[in-house]
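Good morning, colleagues. I should like to take you through one structure today, moving from the backbone to the ligand site and then to the aromatic rings. Please look at the model with me.

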Amino acid sequence: MAQDEHMQKQQYQALGADLEHRGIDVAAVSEALKAQRIETPSWGYGNSGTRFGVFPQPGAARDVHERLADAAQVHKATGVCPSVALHIPWDLVDDFAALSQEAAGLGVEIGAINPNVFQSETYKFGSFGNRDAKVRQQALDHMQQCAEIMGLTGSKIMSLWFADGTNYAGQADIRQRKQWFEECLQATHGMLPEDGRMLVEYKFFEPAFYHTDIGDWGMALHFARAAGPRAEVLVDLGHHAPGTNIEHIVAFLMDEGKLGGFHFNNRKYADDDLTTGSVNPYEVFLIYCEILNAETAGKGADIAYMIDQSHIVKPKIEAMIQSVLNIQRAYARALLVDRKALAQAQAEGDTVGAEEALKAAYETDVRPLLAQVRLELGAAADPLAAFRASGYLDRVAEERVGALEGAASWG
Ligand code: LRH
Ligand code: MN
């Protein structure tokens, strides 16, 4: 047995003994970690940029086929990323049934379908919030197209984000726009395949700088309820005002039975779309703590865990693998919380005791446990090392001529 493997086994046994000593059911935790699923975004593999320019990377995926191939590498290395979210029209093809076959051939499947009513000139003054009924209808036609793509690919989720809003006070009648959104989201709900659902994503600003029509979790909750039973709220970690307590929002939406999914990423200032857990890993842990709190109280939900990031200074596939590792660690640590000790401390008003119950879990080095879980899933104990050793990036950097030409690969 190689030195590393021997070391990994020893560390896993030592951690296992410590966890059992703490009264934790290691087998149950391992089963939960094996069942974890994290969807990666096709748009995270193509060239991207900032508002100041596109910074192409050698070997970056140039089309949906290469984006699926790169996503398959993340699944191969981690074992927990079997689906890929698509964005339409960035990932538009003539034959979506064939694309699904292609994905299956790579060991992945098509996940959430993301309509795009924020990029073309038509939507300069909004989509569902546009004062021109023809434009609102055009946006609805695009939703119909995306609902059909869900049917062709077996996707169960339409993930909706709207850039709609205004830049100046008085520019538009906000109440009127709210009513148009209610009408159009209800119509979109009616287009869903029978086993499909829709997620309503909110964002407090950008590209609109005065008001955004779906500006926070409360508005998204209202619009989801108004749309129909198969509409829920999507929480993007980069879409809140600084200082917002996101795990509080998660607890609230879980208790309302309307938390449908996440766009994991991290930020220091605004919608930075940085690697999940790279700025505030404790926040991701606390989010999972609130999810487990609800689940253990019978308020669980079918949550779509998705990543929404774009990487400029980091190699894209490696940054995606890093994000998955950080999300796995957050979930693993949350599963180690001594819930009895926490509940008792809360009941006794023992704030220090309660916080220490969380910290004891958070400060556990769960890496040996996750390495073992990955091995049992047929993935790599150390996904980053395995991906680097695969030489995949050097190979595609050779093959993908033109990847370095400036244009953003989703245009
Ligand atoms: C908007 C957003 C949305 C996606 C886009 C790529 O900021 O988070 O989820 O459509 O990023
Ligand atoms: Mn998002």
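Where in the chain is Pro 89 found? Pro 89 belongs to the loop that runs between strand E4 (83–88) and helix H4 (96–106). Before going further, I should state that this is a predicted model.

The reason for starting at this proline is its peptide bond. Between Ile 88 and Pro 89 the bond is cis, with omega near 20°. A second cis bond leads from Glu 206 to Pro 207, and its omega is near 10°. Pro 207 is placed in the loop between strand E8 (197–201) and strand E9 (211–212). Glu 206 lies in the loop between E8 and E9 as well, and its phi is near 70°, a positive value in a residue that is not glycine. For context, most peptide bonds are trans, and most residues other than glycine have a negative phi.

Let us turn to the ligand. Which residues surround ligand 1? They are Trp 43, His 87, Trp 161, Glu 201, Lys 203, Asp 236, His 239, His 263, Asp 271 and Asp 308. By class, this shell comprises five charged, three polar and two nonpolar residues.

Three of its members deserve individual mention for their contacts with oxygen atoms of the ligand. For Asp 308, a side-chain N or O atom is 2.7 Å from an oxygen atom of ligand 1. His 87 places a polar side-chain atom 2.8 Å from a ligand oxygen, and for His 239 the corresponding distance is 3.2 Å. Taken alone, ligand 1 would expose 300 Å², and the protein buries 90% of that area. As for the site itself, the space that ligand 1 takes is the largest pocket.

Finally, the aromatic rings. How many aromatic pairs does the structure hold? The count is 20. One of them joins Phe 128 and Phe 162 in a tilted arrangement, with 4.8 Å centre to centre and 40° between the planes. This pair links distant parts of the chain, its members being 34 residues apart. Phe 128 sits in the loop between strand E5 (109–115) and helix H5 (133–153), whereas Phe 162 sits in the loop between strand E6 (157–161) and strand E7 (165–166).

Thank you for your attention.

Note on methods. Residues numbered from 1 in each chain as written. Chains lettered and ligands numbered in written order. Predicted model: local features only at pLDDT ≥ 70, side-chain atom pairs only at ≥ 80, totals over all residues. Heavy atoms only, no water. Near = heavy atom within 4 Å. Polar contact = N/O pair within 3.5 Å; in protein donor to acceptor, adjacent residues only side chain to side chain. Areas by Shrake-Rupley, 256 points an atom, 1.4 Å probe, with all protein chains shown as cover. 1 Å grid on protein atoms, 1.4 Å probe; cavity = no way out; pocket = protein on both sides within 12 Å on 5 of 7 lines; lining within 4 Å. Sits in = over half its atoms within 2 Å of the grid points. Nonpolar A, V, L, I, M, F, W, Y, C, P; charged D, E, K, R; others polar. Phe/Tyr/Trp six-rings, centres within 6.5 Å; stacked < 30°, edge-to-face > 60°. Helix = DSSP H or I, 4+ residues; strand = E, 2+ residues; numbered from the N terminus.
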